[in-house]
Amino acid sequence: MSILLVEDDTSIAIVITAALEAEGFAVTHCATLAERDRQLMNQTFEALVSDVMLPDGDGIATMDAVRAQHPDKPVTILSAQNTLDTAVRASGTGAFEYFPKPFDIDELARTVRQAVGASAATASDAEDEAASQALPLVGRSAPMQAVYRMITRVLRNDLTVLILG
């Protein structure tokens with residue numbers, strides 16, 4: 001399983017790469033949007049992890065073009081700009097998850113694993129059965145995917161959650 005990491009800060013890229021490789025992913029790293037686009041044209045990736053502010057532009061602003069070519073590819077957005085606007089913009093791209101920097105590297109690795117699992121689960125019915133056995137929830141619709149994302153956000157908190165539907 002391969003991941004494309006788009007991060008211009010070398011030290012952050014090294015840490016993320018190590019964490020994702022520990023999860024069993026092969027990581028390809030690039031530092032610019034142009035390089036990201038070349039990699040996406042030449043290679044297949046199960047997921048994309050991308051910073052927002054890159055040397056040649058805004059990763060969120062260009063996400064529509066990525067989505068047009070790869071509509072089912074799960075995307076995790078990273079940003080040092082910890083603003084509500086950035087979070088809303090990331091959510092508007094259909095990102096699987098948004099992580100403001102600094103973030104918990106283990107949580108990022110788990111989220112990428114879940115994103116790849118969710119993407120693979122929608123790819124084939126056989127994989128759907130395996131995924132549903134791992135998680136005792138049923139549903140592949142967009143609203144259920146939103147519920148799954150919400151569950152991952154509150155999973156490590158001691159909260160009471162009511163899900164209606």
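Two strands count as paired if DSSP finds at least two bridges between them. Helices (H or I, at least four residues) and strands (E, at least two) are DSSP runs, numbered from the N terminus. The model on your screen is predicted, and local features need pLDDT of at least 70, side-chain atom pairs count only at pLDDT 80 or more, and totals for chains, interfaces and linings use all residues. Residues are numbered from 1 along each chain as its sequence is written, and side-chain values use heavy atoms, with hydrogens and water left out.

**Stop one: the sheet**

Begin with the strands. Five of them make an open sheet with parallel pairing, in the order E2-E1-E3-E6-E7. At the edges you will find E2 and strand E7 (97–100), each of which pairs on one side only. From one strand to the next, the twist averages 15 degrees (axes are lines fitted to C-alpha atoms, for helices over the stretch in contact, and angles run from 0 to 180 degrees between N-to-C directions).

**Stop two: strand E3**

Now select E3. Five of its five residues are buried, so E3 is largely enclosed by the rest of the structure. Buried means under 20% relative accessible area, exposed over 50%, and partly exposed in between (1.4 Å probe, protein chains only). In a regular strand the side chains alternate between the two faces of the sheet. Here, Ala47, Val49 and Asp51 point one way, while Leu48 and Ser50 point the other way.

Next, look at the neighbours of E3. Four bridges join E1 to E3, and the two run parallel; Ile3 stands opposite Ala47. Four bridges also join E3 to strand E6 (residues 75–79), again running parallel. In E6, Val49 has Thr76 as its bridge partner, and Asp51 has Leu78.

**Stop three: helix H2**

Select residues 33–42, which are helix H2, and colour its buried residues: Leu33, Arg36 and Leu40. They cover an arc of only 50 degrees around the axis (taken from the directions from the helix axis to the C-beta atoms), which puts them on the same side of H2. Turn to the other side of H2 and you meet Met41 and Asn42, both exposed.

What covers the buried residues of H2? Among the elements in contact (heavy atoms within 4.5 Å) are strand E1 (2–6), strand E3 (47–51) and helix H3 (63–69).

Finally, zoom in on the start of H2, where a side-chain oxygen of Thr32 reaches to within 3.1 Å of the backbone nitrogen of Glu35.

Notes. A polar contact is a pair of N or O atoms within 3.5 Å; within protein, one must be able to donate a hydrogen and the other to accept it, and residues adjacent in sequence count only if both atoms are side-chain atoms.
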